[in-house]
Amino acid sequence: MAGRKPDKRNLAHVRTLMANADEAFVVVDHTCRVRVYSEPAERMLGRTRADVIGHDIEVIDAEGLPEAVRGALEGRKRWPGAVVLHVRDRVLSCRATRFDGADGPGVAVVLRDDTDLVEAQERAEAILAGASDGIVVFAPDDLVTYMNPAAAEMLGPVAHQAVGKTVSLDELLGTEPVRSDDLLGLAEPATPTGQTREVTLSEPVHRVLEVRTNPVTDRGGQAIGTVASLHDVTAEREIAMMKNEFVSMVSHELRTPLTSIKGYVDLIVDGEAGEINEIQREFLTIVQENSDRLVSLINDLLDISRIESGRIHLKLEPIDVADLMADVADTFRIAAESAGISLEMKSARGLPRAKGDRDRVGQVLMNLVSNAIKYSPGGGSVTMSAARRADSVVLEVKDTGMGVAAEDIGHLFDKFYRVDNSLTREIGGTGLGLSVCKSIVELLGGRIWARSRPGQGSTFGFTLQIASEAMVRTPGVEGPAKAKGGKVLVVDHDPEIAALIETYLKKRGYEVVRAHSGREAIELAVSEAPSVITLDVILDDGDGFELLQHLKDDPRTSEIPVVVLSIVCDEGRSLRLGAADYLEKPIDQKRLVDVIGGLVGRVGSPVVLVVDDDRHVVGVLSRMLKRRGFAVAAAYNGREAMAAVEQTPPDLILLDLKMPVMDGYQVIQEVKSAEATKHIPIVVMTAHRIDRSKTEILQLAAEHIGKPFSAEKLAECVEEMLAKEGM
Ligand code: ADP
């Protein structure tokens, strides 16, 4: 059989296959003459079989084809098996393979028309190149496989050489690797996927990018890489910042005159400027109410601009929610009564403490209760409740008021949104309260919602995270009930406001000295030796913060407590520089007097630290001790007690033994084992039988008082002990 010419009929099926295939087939012999030329080859290469069979491959007008064929025939090393040919506007992929036939070697060429595929790819690339967002594609091992021109421009020179190399997204952005469990609380996958984050670049130019990474999967759902899209939000962020700065500047400018308006009207209504008649009182009350409204509007606007610009100062601490609800209930007791509303409170047993900023959470709760009362024109009831749900504490405020229609519920937390009906129009408001609540709750890591039906009341609720045991509140020291009076140096560049503060303080029996400049303030602080200084940070001859620093650095004035009163939101900075407290203008008369009273009272009053997990006991003892002229710090467990001891070592500790978190025995051990605190006398109060195994520890305490005891007896004991200490 060898050497026999193949029977033409035997090849019929091969011919048919070749004629109907999408690919074209060409076979050449060892002299490069064409032996096989299929029908699709005629279409692709433009020459007929008659033109080419028996002729040299050169006869086909396709640049690169003869070269490919010869390369294969000669079996050149590293000869690429596949090449791309451009023939008459078509893109052909060509594979030339050598074989050894009966008549010597030859080359089989397979050609495929990829024009449509290439065009589709070019179209896709043109679209990506035209996109204004940057796009970078990574293979699973961080190999950069594609980068569009927008991304290259955003990322600068580093990016240009990145394609084809292994470079992570973080290396391209110059950021720290993102751990996805930081964001989602989940385990960490190899590449961060399906996330959005904001990145600020300083090179090649300042840019804020919103970077989104998403996994790319094949049709079977297998991960084949990641695509990162970079959206330039620089302009948006700048506009938002300018808007916030504008709002806060305008609000500050409004606050200064309002401080005077509100302050002086309050004084006139209080009768400080002499008798006023009923009509005058009525008119002035209208001025007073409206200035209060303006103050709360400005406060809301400022809060929003602070939150949006990230300038809010949060003091995170464990919060006793039941206690906070009781405070809020006290604030609204009179308002609720006069609106014919019963105000109730429900708190689940054993509720854990929530993590938050007590003032800010109080602000949210007050806003919700105030709305509940305000939007219940027909009376009814308002109930605050707190319960634990999974890993959070849930607070709810439920009313029986007018309710909200379904279509409005989704918008209640939008800025300036108010339900549009005659009733709400009549009630009045700005539509800012709930949006401030939402921002605060979200900043604290919680969620807020509303449930309501028209005419059937509403329930507003929010969550707070549970405070971890490691989170400790540091109890503050409160001065005695009746401050003994004292000298206060008031530093304010605005003489009207200084005069206003002077009036407030003189009413309470304080002596006041005023300074309007930093230079004057320093002189008077030394020569007058005031008990407390109030300081506005805006001064004509310099910066109040520098003055504060100076006062704290000078040994003659460093011990004088300074209260910063400011329209600029600088609580964090003030406290860092050593201010004793921070109050915002317009000044709340009561808070100012309380703060000053506390500070003046503390000067020279012995400090008693009361430690008991029973809040009622702590409350009764604190009030009684303050009445007797002591300054008091209240702690509800051992750890808080230790935090208080560290902050301001007390002159005496009243200590319960059985407490959660850290018990009294441990407190005794810690206080008595440290050199700095071992002299502090401890009076143990206990209702329980004393643990025999711990009597040794108990002997370190100065005195024991068995519960129940009379508050009077305890006070006498404290007085005696302190007298012994020579206080
Ligand atoms: P404001 O009370 O100043 O209008 P808020 O942001 O506090 O602003 O509330 C937005 C809107 O939500 C209110 O105008 C009111 O229409 C509606 N709303 C809020 N609380 C209640 C409630 N407890 N009952 C009925 N409607 C309410």
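Phe246, Met249, Val250 and Leu254 together make a nonpolar patch of about 370 Å² on the surface of this predicted model. One member of the patch, Val250, belongs to helix H10, which covers residues 234-269. How exposed is Val250? Its relative accessible area is 32%, so Val250 counts as partly exposed, and that value also meets the patch criterion of over 30%.

Let me turn to the overall layout. The protein is divided into six parts, taken here in chain order: domain 1 spans 10-113, and domain 2 is assembled from 131-178 and 194-232. Domain 3 then runs over 237-309, domain 4 over 317-465, domain 5 over 477-602 and domain 6 over 606-724. Between the centres of domain 2 and domain 4, taken over C-alpha atoms, the separation is 43 Å.

As to confidence, the mean pLDDT of the protein is 86, with 93% of its residues at 70 or more. Over residues 179-192, however, the pLDDT is below 50. That stretch nevertheless has 15 contacts in the model beyond near neighbours in sequence.

I come next to a residue in a loop, Val167, which sits between helix H7 (157-160) and helix H8 (169-173). Is Val167 buried or exposed? With a relative accessibility of 16%, Val167 counts as buried, because the limit for that class is under 20%. Which residues does Val167 touch? Leaving aside residues up to four places away in sequence, Val167 is in contact with Phe138, Asp142, Val144, Ala162 and Leu172. Leu92, by comparison, is 75 residues from Val167 along the chain, and the C-alpha atoms of these two residues are separated by 34 Å.

Finally, I would draw attention to two backbone angles. Most residues other than glycine have a negative phi. Ala390, a residue other than glycine, has a positive phi, near 50 degrees. Where does Ala390 lie? Ala390 is in the loop that links strand E14 (380-389) to strand E15 (392-399). Its relative accessibility is 64%, and therefore Ala390 counts as exposed.

The second case is Phe416, which is not a glycine and yet has a positive phi of about 65 degrees. Phe416 also lies in a loop, here between helix H14 (406-409) and helix H15 (422-427). Its relative accessible area is 52%, so this phenylalanine too is classed as exposed, the threshold for that class being over 50%.

Conventions
Residues are numbered from 1 along each chain as its sequence is written. This is a predicted model: local features need pLDDT of at least 70, side-chain atom pairs count only at pLDDT 80 or more; totals for chains, interfaces and linings use all residues. Side-chain values use heavy atoms; hydrogens and water are left out. Domain bounds come from an automatic or database domain assignment. Patches are made of residues with over 30% relative accessible area and no salt bridge: like charges are joined within 9 Å, nonpolar side chains (Val, Leu, Ile, Met, Phe, Trp, Tyr) within 5 Å. Accessible areas come from the Shrake-Rupley method with a 1.4 Å probe; for residues, only the protein chains shown count as cover. A salt bridge is a side-chain nitrogen of Lys or Arg within 4 Å of a carboxyl oxygen of Asp or Glu. Helices (H or I, at least four residues) and strands (E, at least two) are DSSP runs, numbered from the N terminus. Buried means under 20% relative accessible area, exposed over 50%, partly exposed in between (1.4 Å probe, protein chains only). pLDDT is the predictor's confidence in each residue, from 0 to 100. Contact means heavy atoms within 4.5 Å.
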